[in-house]
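Please give me a short report on this structure. Cover the contacts, the packing of helices and the pairing of strands.

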Amino acid sequence: MRGSMSRDAPVATAHAGEATGSGRGQSLLSVENLRTHFFTYQGVVQALNGVSFDIRGNEAVGLVGETGCGKSLTALSVMRLVEEPGRILDGEVWFEGKDLLQLTEAEMRRIRGNRIAMIFQDPSTYLNPVFTIGNQIGEVISLHQRLRGKELNRRVVDTLHMVRMPDPERVARQYPHQLSGGMRQRCLIAMAVACNPKLIIADEPTTALDVTVQAAILLLLGELRQETGGALLLITHNLGIVAEICDRVIVMYSGDVVEASPTRELFVSPAHPYTNLLLDAVPKLHQDPSERLPSIPGSVPNLIHPPSACRFHPRCPHAREVCATEKPLLQAVSDGHMAACHLWYPPRRGSWEAA
Amino acid sequence: MTKPLLTMRHVRELFPISGGFFGRTVGYTRAVDGVDATIGKGQTLGLVGESGCGKSTLGRIAVKLLDPTEGFVMFEDIDLSKAEGASWKELRPQMQMVFQDTQSSLDPRMTVESTVAEPLQLVGMKRGSELYETVASLTLRVGLNLDHLNRYPHELSGGERQRVVIARALATNPRFVVLDEPTASLDVSVQAHILNLLKDLQRAFSLTYLFISHDLSVVRFMSDDVGVMYLGKIVEIARTEPIYATPLHPYTRALLAAIPIPDPTLRKQRLVLGGDVPSADSPPPGCRFHPRCPWAAAICSEEEPKLRGIITEHRAACHFAEQFKDQPVYVSSNGG
């Protein structure tokens, strides 16, 4: 896995413009310096503070972070679904040779659900209770492909079949309340894959589900990706899910990307102090229960008055003076592994572990 | 095991389902269907299971928020269903509960101070400056500071609200606390703080916990004994170590295999269950797990397996539990 990573080394760095330019050819989605702020009465919430990352053709990328770090907002910004008082101030979102932020609303509508599809967290609120499942999946298909009548129905049933729905013909005639949580989530996945998108963004797709159902849904997402050859951006706070199904992981903290790395490397040798602390804070199945769980001191910062420079510095055990004055850039730590931390200048493995 | 503080015997809770024009009872939801469990003094019993398995109902029965339809609960040597009037008034402060959703278990119009003070006033323990001091020391004990005393719930973060709920639960100096998914709505870094706090408090006040969660790794971290529930029944119960090392019930094995582990170097058995949890209104005949069980045989749909000891202190309700005795779920791998 490491071998393949080094061959086509990822190229998104917030500062190196030329490097990202050459990266556009290889990557399916390339987000550069995305800034989304919310203009509220209390002040400007600097929710996304220059987010950059890449997703290649058939990768599964995990976007992780805690509540309020901006991971869902990143997805909404990519889809241009940010609502007032939020506004995308700056940045570029390159997808299939187009900057999505420059498209008209009509052009964007042809991409949503068709080229990029999204799966949301709570399946019961994203399904309309007064329409049948078949009707709702059919709507997506008829919007993007001129199918009508019997042909459309066949496609709906095929799509439900694709997500391993038991008895798809019957489910197509049923209403959301007649289905269980896991089946509803399968319907949302069916809506997402109906038009064979190149990229599926799944925002906490299993958070509302029980673990055994979650396992089945994750298995399905993995299998679908292999069948369709699309890419998956999986947004989650669950590091376990990322470890199991993602090729690469992007870690966000307080509106910044702090680390991006191949999955295995992230878990074995995290480069950013926040990632390291976050990994430690999860209770493990092989941990000695008599020990205390390592925890991160302090709490998530207020985004109206975020800490200066590196937003993690007030909670960071390795913070130095420079961390409060100069914003660290996302830089390569090793092949395909990037971190935004001053303790990596010059990049030295384990420099903060020794500190 | 230490002397039991809480003993549950054949506990059963049936909720009537009303239907038809006259709202007659047409059936029963068997939320808890014959549970036996004991919790030793100063110990933690973890209860895991998926939504609807009856773990929260059992938690409520344990502190007499619900009376069981059948069976009984003994707190030391007092039968809770017989505790009424004065004896119940004496017993009530000794058992407390912490709920999952802090937003709805705190009154939005009460400050932290009055929230924590309320149980103390109710049991008539303290007044005036003595009351304030007790509240202040409780607040400090759970890791809040005195500035928090005058705040309202909406001014607090999720982790802080959970600390207030814990302080309130500890106010009456309880001996037994039911923790119903205390960290389910919290981020991992906040969860770590709360779990550490709960362990510290247990040691400091020699508390006995019933810890309810759907997160198996959290339960492992917190518990001395673990009970796994499925559709109102305990299907496996044992000390924490053996149940995680070699689970003997197929459902426990499936649960363990289903939790995503934040460690790419760990390999585990692939075991994905088909279908959803059946409804507790009409559980499947025989073993309730048999429609989803990969090892199900003919006997499983006919005869209900009893919870029986397979190894010392390790009980499972499966006809074929013996076959799992030397089969760990996890295998560590260094390749890949």
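In chain A, 63% of the contacts between residues at least 6 apart in sequence join residues at least 24 apart. Two residues are in contact if their C-beta atoms, placed from the backbone, lie within 7 Å. This is a predicted model: local features need pLDDT of at least 70, side-chain atom pairs count only at pLDDT 80 or more, and totals for chains, interfaces and linings use all residues. Residues are numbered from 1 along each chain as its sequence is written, while chains are lettered from A and ligands numbered from 1 in the order in which they are written.

**Chain A and its partner**

Chain A has 15 helices and twelve strands. Both are DSSP runs numbered from the N terminus: helices are H or I with at least four residues, strands are E with at least two. Of the 355 residues of chain A, 49% count as buried. A residue is buried if 20 or more other C-beta atoms lie within 10 Å of its own, exposed if 12 or fewer, and partly exposed in between; these C-beta atoms are also placed from the backbone.

Chain A puts 37 residues in contact with 29 residues of chain B. Helices 10 (211-228), 11 (239-245), 12 (263-268) and 13 (273-281) of chain A each give two or more residues to that side. Helix 10 of chain A gives the most, with seven residues. By class, the side of chain A that touches chain B has 19 nonpolar, twelve polar and six charged residues. Ala, Val, Leu, Ile, Met, Phe, Trp, Tyr, Cys and Pro count as nonpolar, Asp, Glu, Lys and Arg as charged, and the others, Gly among them, as polar.

**Strand pairing**

Strands pair if DSSP finds at least two bridges between them. Three antiparallel pairs are listed here.

| Pair | Bridges | Opposed residues |
|---|---|---|
| Strand 9 (248-253) and strand 10 of chain A | six bridges | V251(A) and E259(A) |
| Strand 10 and strand 12 (337-339) of chain A | two bridges | E259(A) and A339(A) |
| Strand 1 (4-19) and strand 4 (70-75) of chain B | five bridges | L6(B) and F75(B) |

Strand 10 (residues 256-262) of chain A has seven of its seven residues buried, so the rest of the structure largely encloses it. The hairpin of strands 9 and 10 of chain A has two residues between the strands, and S254(A) takes a positive phi near 50° there.

In chain B, an open sheet of four strands has the order 2-1-4-5, with antiparallel pairing. Its edge strands are strand 2 (24-40) and strand 5 (78-79), each pairing on one side only.

**Helices of chain B**

Helix 4 (residues 112-122) and helix 6 (residues 158-170) of chain B pack at about 25°, with their axes 7 Å apart. Helix 4 of chain B is therefore roughly parallel to helix 6 of chain B. Axes are lines fitted to C-alpha atoms, for helices over the stretch in contact, and angles run from 0 to 180 degrees between N-to-C directions. Angles under 35 degrees count as roughly parallel, over 145 as roughly antiparallel, 65 to 115 as roughly perpendicular and the rest as oblique.

From helix 4 of chain B, V112(B), T115(B), V116(B) and P119(B) meet V164(B), A167(B) and R168(B) of helix 6 of chain B. This contact has five nonpolar, one polar and one charged residues.

Helix 10 (residues 250-258) of chain B has nine of its nine residues buried, so the rest of the structure largely encloses this helix. Among them are Y251(B), R253(B) and L256(B).
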